[in-house]
Amino acid sequence: MRVLIVEDEAALASRLRQVLETAGFAVDVAHDGEDGWHLGDTEPYDAVVLDLGLPRIDGVTILGRWREAGRTMPVLILTARSRWSEKMAGFNAGADDYLVKPFEMEEVIYRLRALIRRASGHAQPELTCGALRLDTNSGRINLDGVPIQLTAQEFRILSYLMHHPDQIVSRTEFSEHVYDRHFDLDSNSLEVLLGRIRKKIGAGYIQTVRGQGYKLAEPEA
Amino acid sequence: MTGGHERPAASLSTRLFTGAAVWLVLILAIGGWVLTWAFRDTVENEFSRRLDAVLRSMIASMATTADGSVALPHSLGDPRFEQVYSGWYWQIALPDGSLLRSRSLWDSALHIVESDAQPHTRRIDGPQGEPLLIAERDIRLPDVDGKIHVMVAGPLKEVSEGVRRFNLLLTIALGLLGLGLVVAILIQIRYGLRPLRAMTTDLDAVRQGARTRLSGRYPKEIDPLAQAMNGVLENDAELIERARRHVGNLAHGLKTPLAVISAEVGQAPDHNLLREQVQVMRRLIEHHLGRAAAVASAGGRLGVVAPVGETARNIAAVLGKVFRDKNLTIEIDVDDAVAFPGHREDLEEILGNLMENACKWAASRVRVSAAQDRDHLTLVVEDDGPGMPAEQAAEASRRGKRFDQIASGWGLGLSIVSDLVEVTGGSVSFTESPLGGLRACVDLPRP
C-alpha cells in the first residue's frame with residue numbers, strides 16, 4: 001500500500017514516514033502544499049495523510065482540487081485545529097477522516113489501514129481468501145491461524161493482492177502501489193518476491209495471468 | 001459594576017431640580033411680597049382719598065347757625081356714621097373747645113394732635129382700640145373766630161381685610177403657578193436627560209452582547225462622550241480579539257511540536273510517563289483554547305441563531321463517515337423551527353462533541369432530539385452504549401466541574417461542551433438513556 005504524507009514539519013514528516021514504513025506502507029513525503037498537491041494529482045496513492053496548515057497552498061484547498069479533478073483516494077487530515085467547525089470544513093472539502101495533533105502514531109496507522117480497506121470495498125476489518133486471513137487493524141497475515149513471517153516488501157505485495165482479490169493486478173499497478181516513487185522495480189525482482197511469497201503460503205493462491213499480471217484467488221481444492 | 005464601585009453622586013435630575021426649585025421659590029416669594037406691598041399701598045391711598053372726599057364734602061356742607069354755632073345741616077349720607085362704634089367717625093372741634101361728633105362715636109372722642117401740615121392723614125387708635133385712618137383739616141369759617149378742626153376717620157380694618165383677601169388669592173395663584181412650574185421643570189429635566197438614558201440602554205445592550213458599539217444619535221453635548229466610549233469599546237474588542245488570536249496561535253503552534261514529541265517518545269525508555277505528560281499538555285491546550293473561543297463568542301451573540309436540525313444532520317453525515325465500520329443508525333429527531341441562540345460554530349462544537357462521544361460508545365443507535373419553548377432550548381444526545389455509572393454522571397452534571405478531571409477516558413469533548421454551555425449560562429446533565437446508554441442533555445436559555 002502506498003501512501004502520501006503532506007506535512008511541512010520535517011521532524012514529524014520523517015517520523016511518520018519511518019513509522020508507516022515499519023507498518024508496511026510505501027511512503028512518499030511532500031513538504032509543502034504545491035508539491036503535495038502535484039504528487040497527489042499525478043501518482044496513484046492508496047491513501048493520503050494531509051496536514052491542513054501548509055505553506056504555499058493550504059490543505060483544504062489541495063483537497064478541494066483533488067476532489068474536483070476526480071481523485072478519490074481516501075484522505076486522512078492531520079491538523080492542530082480542533083474546533084468542530086474546522087473539522088466540518090475539512091470533511092466538506094472531501095476528507096475521509098480527521099486526526100487532531102498531537103496524535104498517537106498507532107492511531108494514524110490504524111485509521112490509514114481502515115481507510116484503505118474501506119476504499120477497496122471491504123466493510124470488515126478482516127480480509128480473507130481461503131485460509132489466508134489479513135487483519136487490517138493489526139496488519140498481520142495468518143495462514144490457517146498461523147502468522148506468516150513476511151518481509152516488508154513481501155507484506156505489501158500480498159496485502160495489496162488481498163485488498164483486491166480475484167482481480168488481475170498488473171506489474172505497473174504493483175510498481176505504483178507497492179513502492180514509493182524513488183524505487184525502480186524491475187521484472188525479475190517482482191518475480192523473485194512473488195516466488196518467495198508462494199513458497200510461504202502455498203503455490204495455489206497467486207496465479208500468473210500471462211501478459212497481464214497476477215491474481216489472488218482461493219486455490220481450487 | 002463590581003468591586004470598587006462607589007455610591008454614585010447625587011443624580012443630575014436632583015441637581016437640576018434643586019437648582020430650579022431654589023430660584024423658583026425666591027422669585028415667587030419676592031414677587032408675592034412686591035405684589036402685596038403694591039396692593040396694600042394702592043388700597044390705602046384709595047382709602048385715604050375716600051376719607052379726604054368725605055372730609056371735603058363735610059367741610060362744604062358745614063354752616064353757621066343763627067346763634068353762631070356750627071352745625072352740619074344734614075347727615076353725611078353714609079349710615080355707618082350713625083352706627084355706634086362702626087369705625088366710621090367724624091368730629092368737629094370748635095375753637096371754644098366744644099366737639100361736634102358723629103353718632104357712631106357715642107360718648108368717646110377722637111384724639112386731636114396739633115399739627116401744622118394741612119391737610120393731613122394719620123393713623124390713630126379708635127375708641128375700641130381699633131386702628132383708624134384719619135383725615136383732618138383746620139378750617140376757618142367767616143362767622144367763627146379761631147380754627148375749627150375737622151376730622152373724618154375710617155377703619156383700617158377694611159384695608160387690611162382687602163389686603164388679606166388679596167393675599168389669599170395671591171397665595172393660591174402663586175401656589176398654582178409654582179406647582180405648574182415644578183411640573184414643567186420635571187418634564188424639562190426628563191426630556192433634557194432622555195439622551196443620557198438612551199445611552200445607558202445602549203450601553204446595556206453592548207454589555208449584553210447585542211451590539212458592539214453605541215449606535216444611537218446623540219445631541220452634540222454628549223456625542224463626544226459616545227464617540228469616546230465607542231473608541232474604548234473598539235479598542236477593547238481589538239485587544240480581546242488579539243489576545244484570543246495569540247492564545248490560538250500559541251495553542252496551535254504548540255501542537256505540532258507536541259505531535260513530534262509524541263512521535264519520538266515511542267523510542268524512549270520512559271515512554272509511558274512521557275506519553276501521559278503529552279496527553280496532559282494536550283488536554284490543557286484544548287481546555288484553554290475551548291474556553292478562549294467560548295468567551296470570545298459570548299459577545300455579539302444576541303440576534304444570532306443557527307438551525308439545529310440542519311447542523312445535526314451535517315454532523316451525522318460526517319460521523320457516519322468516521323464511524324462507518326460500526327454501521328450506526330443516527331436518528332435526528334429535530335423540528336426545523338428549532339434554532340440555537342448563538343453562533344453556528346458553537347452549536348457545531350456542542351453537538352459535534354456530544355454526538356462524536358455518543359457514536360464512540362454506541363452499540364448501534366444514536367438519537368439526537370431537541371425541543372424549545374419561549375425561554376429554553378434543550379438538546380438531547382443519547383446512545384445505546386454502556387453508559388456512565390450513576391455517581392459519575394451526577395458528578396459530571398455538576399456545573400463548573402472540570403470534566404476531564406473526573407471522567408478521564410470520556411474524552412476532552414465533553415469538557416469543551418461543559419465550558420461552552422457554562423459561558424452561555426446553560427447547563428449540561430448526564431443521565432441514563434431509555435436506549436440503555438448515556439443521555440447528555442444541554443439546557444440553554446433563550447434571550
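A:D166 is exposed, since just 9 other C-beta atoms fall within 10 Å of its own, and a residue counts as exposed at 12 or fewer. This is a predicted model, so every value here is read off predicted coordinates. Phi of A:D166 sits near 60°, a positive value in a residue other than glycine. The residue is found in the loop that runs between α6 and β10 (168-169) of chain A. A second case of this kind turns up in chain B, where phi of B:Y85 is near 55°, again positive in a residue other than glycine. B:Y85 belongs to the loop between β2 (70-71) and β3 (89-93) of chain B. With 15 other C-beta atoms within 10 Å, B:Y85 is partly exposed. One more backbone detail is worth a look: the peptide bond from A:K101 to A:P102 is cis, with omega near -10°. A:P102 is in the loop between β5 (97-100) and α5 of chain A.

Stepping back to chain A as a whole, its secondary structure comes to 8 helices and 12 strands. Of its 221 residues, 43% count as buried. Looking at contacts in chain A with a separation of 6 or more, 59% are between residues 24 or more positions apart.

Helix α6 of chain A, which leads into the loop holding A:D166, covers residues 152-163. How far should its 12 residues span at 1.5 Å a residue? The expected figure is 16 Å, and the end C-alpha atoms are 16 Å apart, so the two agree. The helix is mostly covered, with 9 of its 12 residues buried. The buried residues are A:F155, A:R156, A:I157, A:L158, A:S159, A:Y160, A:L161, A:M162 and A:H163. As a reminder, an α-helix has 3.6 residues a turn, so residues three or four places apart point the same way.

Chain A also has an open sheet of 4 strands, ordered β6-β7-β8-β9, with antiparallel pairing. At its edges stand β6 (126-129) and β9 (146-147), each with a single partner strand, so one side of each has no neighbour in the sheet. Over 4 bridges, β6(A) pairs with β7 (residues 132-135) in the antiparallel sense. Within this pair, A:L127 has A:L134 in β7(A) as its bridge partner.

Chain B brings an open sheet of 5 strands in the order β9-β11-β12-β14-β13, and here the pairing is mixed. The edge strands are β9 (329-333) and β13 (427-432) of chain B; each has a single partner strand, so one side of each is left without a neighbour in the sheet. On average, and with direction ignored, neighbouring strands of this sheet are turned by 15° against each other. Inside the sheet, β11 (residues 365-372) and β12 (residues 376-383) of chain B run antiparallel and are joined by 7 bridges. B:A371 stands opposite B:T378 in β12(B).

Two helices of chain B go with these strands. Helix α6 (residues 344-361) lies across β11, β12 and β14 (438-445) of chain B, and runs at about 20° to β12(B). Helix α9 (residues 412-423) packs on the sheet as well, touching β13 and β14 of chain B, with its direction making about 135° with that of β13(B).

As for the nonpolar interior, the largest core holds 110 residues, and A:V3, A:V49 and B:M355 touch the most other members. Which residues does A:V3 touch, leaving out those up to four places away in sequence? They are A:L20, A:F25, A:V27, A:Y45, A:D46, A:A47, A:V48, A:V49 and A:L112. Apart from the largest core lies another one, of 20 residues, with B:L51, B:W88, B:L110 and B:I134 among them.

Finally, the two chains meet at an interface in which 23 residues of chain A are in contact with 25 residues of chain B. On the side of chain A that touches chain B, α1 (10-22), α4 (84-92) and α5 (105-119) of chain A each supply at least two residues. The most comes from α4(A), with 5 residues. By class, this side of chain A has 11 nonpolar, 2 polar and 10 charged residues.

Note on methods. Residues numbered from 1 in each chain as written. Chains lettered and ligands numbered in written order. Predicted model: local features only at pLDDT ≥ 70, side-chain atom pairs only at ≥ 80, totals over all residues. Core = buried A, V, L, I, M, F, W, Y, C linked by C-beta atoms within 7 Å. Contact = placed C-beta atoms within 7 Å. Expected span 1.5 Å × (residues − 1). Pairing = 2+ DSSP bridges. Nonpolar A, V, L, I, M, F, W, Y, C, P; charged D, E, K, R; others polar. Axes fitted to C-alpha atoms, helices over the stretch in contact; angles between N-to-C directions.
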